[in-house]
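User: I have a structure open on my screen and would like to walk through it with you. Could we take it piece by piece?
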Amino acid sequence: MQQVQAVVAKAKGAPVELVTINVPDPGPGEAVVKVQACGVCHTDLHYREGGINDDFPFLLGHEASGIVEAVGPDVTSVAPGDFVILNWRAVCGECRACGRGEPQYCFNTHNATQKMTLSGGDMDGTELSPALGIGAFAEKTLVAAGQCTKVDADARPAAVGLLGCGVMAGIGAAINTGGITRGRSIAVIGCGGVGVAAVAGAALAGASPIIAVDIDAKKLEQAKAIGATHTVDSSKVDPVEEIKRICAETYPGAEGADVVVEAVGRPETWKQAFYARDLAGTVVLVGVPTPDMKLPEIPLIDVFGRGGSLKSSWYGDCLPSRDFPMLVDLYRQGRLDLDAFVTEEIGIGDVEAAFDRMHGGDVLRSVVVL
């Protein structure tokens, strides 16, 4: 067992704290990873606010890369010294999805069996709940070995670590879930980190037009820089009609985009996505709604009459062992600009301030560098 510094949320809504935690030596199926970089994702804020569950205290951070320091006695997939991206889809290989050859849908994913704990104070020995089974706002973390995906060691940790959650969620929503390809149009509603990543995925796939929709001019500029061909300020124009107009200019007769990615997670923007898609088009919900939100009222005949697909995308329907090395390779070739997502590099004690900047829409990603 070793003691390290880590960022913990001890109570609902309270500011996070930098504390000392105990990290056990890895047991069977486990690995200890020395964290090099971890993005500040909105999901971490959801945990702090109690929006995921009430299993406080939480060890936050999950969008990370680092070096494997030690592995359990039966681990063969990674070895000490490997540079890895951490993932929260360590597939089980046994569930129905894995059995039918679709491990990207596995929901029986593996986490470390042992628990990291608080060290010292009146909560000494209290077990921590690691965010998404990872907990990487820490100098070192204990994970299931299957949560470690080995990638090119020459890649920049702060950039490729973002594939561990938000960037992969967006790219995958466009490519894996939405099936976007050359000759197809796409609109992305909501241009935070995940939405801009969906734009990047669409550009990578050769889609056209690529329409970015938001109410924030700064976010629209970021989307344009990463590959959007058109931008729509939905505070000034009707986004549905504007998406239809743009698509009809490229493909006469089109009644919307082939794929619309909703990256906000709100009923009103989902409804816009529904009506902004072409006949037989696809809506992909990747924005995370709150538990109280309901689908907007839409005449059932419209659902039937427009055809197509209404999908949700968890983690971009990715398979880390397949997708992470491929995307890192594209990054190394200069074909996928992951560096553009890193707005700032911060210290491990600066997470609370990074949450404030996230609220202000000033960053795509703040990245903790250790």
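User: Let me start near the end of the chain: is Tyr315 buried or exposed?
Analyst: Tyr315 is buried, with a relative accessible area of 2%. Please keep in mind throughout that this is a predicted model. Tyr315 lies in the loop between β16 and α10, the latter covering residues 320-332, and its phi is near 60°, a positive value in a residue other than glycine.

User: Which other residue that is not a glycine has a positive phi?
Analyst: Leu132 is one of them, with a phi of about 50°. Leu132 is found in the loop between β8 (129-130) and β9 (140-144), and at 21% relative accessibility it counts as partly exposed, because buried would mean under 20%.

User: OK, switching to the sheet that β16 belongs to. What's the strand order?
Analyst: The order is β13-β12-β11-β14-β15-β16, in an open sheet of 6 strands with parallel pairing. β13 (230-233) and β16 (309-312) stand at the edges with a single partner strand each, so one side of each is left without a neighbour in the sheet. From one strand to the next, the twist averages 20°.

User: And in the middle, how many bridges join β11 to β14?
Analyst: There are 4 bridges between strand β11 (residues 186-189) and β14, and the two strands run parallel. Within that pairing, Ile186 of β11 stands opposite Val259 in β14.

User: Which strands does α7 touch when it packs on that sheet?
Analyst: Helix α7 touches β11, β12 (210-214), β13 and β14, and its direction makes about 165° with that of β12.

User: How do α7 and α8 cross, and at what angle?
Analyst: The axes of α7 (residues 239-250) and α8 (residues 267-276) come within 9 Å and cross at roughly 30°, which makes α7 roughly parallel to α8. Their crossing is right-handed. On the α7 side the residues involved are Pro239, Val240, Ile243 and Lys244, and these meet Gln272, Tyr275 and Ala276 in α8. Sorted by class, this contact has 5 nonpolar, 1 polar and 1 charged residues.

User: Then what about the loop leading into α8, where does Ala263 sit?
Analyst: Ala263 lies in the loop between β14 (257-262) and α8, and it is buried, with a relative accessible area of 18%. Leaving aside residues up to four places away in sequence, Ala263 touches Ile189, Gly190, Gly195, Val286 and Gly287. For Gly190, which is 73 residues away along the chain, the C-alpha atom is separated from that of Ala263 by 5.0 Å.

User: Different topic. How close do the axes of α4 and α5 come?
Analyst: The axes of α4 (residues 166-177) and α5 (residues 193-205) come within 7 Å and cross at roughly 50°, which makes α4 oblique to α5. The crossing is right-handed. From α4 the contact is made by Gly166, Val167, Ala169, Gly170, Ile171, Ala174 and Ile175, while α5 contributes Val194, Ala197, Ala198, Gly201, Ala202, Leu204 and Ala205. By class, the contact has 11 nonpolar, 3 polar and no charged residues.

User: How many residues of α4 are buried, then?
Analyst: Helix α4 is mostly covered, with 10 of its 12 residues buried; among them are Met168, Gly172, Ala173 and Thr177. The helix is followed by Gly179, whose phi is positive, near 65°.

User: I also wanted to check the prolines. Which peptide bonds are cis?
Analyst: One is the bond from Phe56 to Pro57, with omega near 0°, and Pro57 is found in the loop between α1 (42-48) and β4. Another is the bond from Ser208 to Pro209, with omega near -10°, and Pro209 is found in the loop between α5 and β12.

User: Last one, since β4 came up: in what sense does β1 pair with β4?
Analyst: Strands β1 and β4 (residues 58-59) pair in the antiparallel sense over 2 bridges, and there the bridge partner of Val8 is Leu59. Strand β1 (residues 2-9) also pairs with β2 (residues 17-23) in the antiparallel sense, over 7 bridges, where Val8 stands opposite Glu17.

Notes. Residues numbered from 1 in each chain as written. Predicted model: local features only at pLDDT ≥ 70, side-chain atom pairs only at ≥ 80, totals over all residues. Heavy atoms only, no water. Axes fitted to C-alpha atoms, helices over the stretch in contact; angles between N-to-C directions. Parallel < 35°, antiparallel > 145°, perpendicular 65-115°, else oblique. Left-handed = near helix turned anticlockwise from the far one by under 90°. Contact = heavy atoms within 4.5 Å. Nonpolar A, V, L, I, M, F, W, Y, C, P; charged D, E, K, R; others polar. Pairing = 2+ DSSP bridges. Buried < 20%, exposed > 50% of the residue type's maximum accessible area, 1.4 Å probe, protein only.
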